Amino acid sequence: MNDRPNDLVRIRPQIKKTIQFDNMSADERFQNETLRPILKLQNPLFFVVFSNYIEKRKGVFYSLNLEKRLSYIENSLIKDQKFRNSVKGMVLGQFTVAEYKHYILNSSALNKRMMQMVIERLKDQVQLFEEPSSAQES
């Protein structure tokens, strides 16, 4: 039997810091109950995908100072529509059908929340994006 909705929810990490309030907006509740766990689950994939993104652009990222690296991360997910859609697909693919139905009701606002959260995740890991050494390439 196909138990996709329960399987998807079951593999998501629990986020204990999230507090729910009765007066939360539906979008904020969706962010905390759905987006945060999915983004945490997908974080290793986001890291590798962004590392590949850096390499495909000739590694310019590595020559930047910290402030410009943070800006590079933000711009990659705001201005590069193809990359943005790819990352968005990694999140949407983890939705249950019910979650997707909720998402399409206000996709524009939820996309902004989602991308801002991915940007913050990547920025928080900026020190881990280091140029591959020539020894690793051999």
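This passage describes salt bridges in a predicted model.

The structure contains 7 salt bridges. Two of them involve the side chain of R10, and they are taken up here before a pair formed by E74 and K123.

R10 pairs with D7, with a distance of 2.4 Å between the closest N and O atoms. Both residues belong to helix 1, which spans residues 4–11. They are 3 residues apart, about one turn of the helix. R10 also forms a salt bridge with D3. Here the closest N and O atoms are 3.8 Å apart. R10 is exposed, at a relative accessible area of 55%. D7 is partly exposed, with a value of 35%. D3 is partly exposed as well, its relative accessible area being 29%.

A further salt bridge links the side chains of E74 and K123, with an N to O distance of 2.8 Å. E74 sits in helix 3 (residues 66–78), whereas K123 sits in helix 6 (residues 107–124). The pair therefore ties together parts that lie 49 residues apart in sequence. E74 counts as partly exposed, at 27% relative accessibility. K123 has a relative accessibility of 18% and counts as buried, because the buried class covers values under 20%.

Shared partners also matter for the description of the bridges. D3, D7 and R10 are joined into one network by salt bridges that share partners. Within this network, R10 is bonded in salt bridges to D3 and to D7.

Notes
Residues numbered from 1 in each chain as written. Predicted model: local features only at pLDDT ≥ 70, side-chain atom pairs only at ≥ 80, totals over all residues. Heavy atoms only, no water. Salt bridge = Lys/Arg side-chain N within 4 Å of Asp/Glu carboxyl O. Buried < 20%, exposed > 50% of the residue type's maximum accessible area, 1.4 Å probe, protein only. Helix = DSSP H or I, 4+ residues; strand = E, 2+ residues; numbered from the N terminus.
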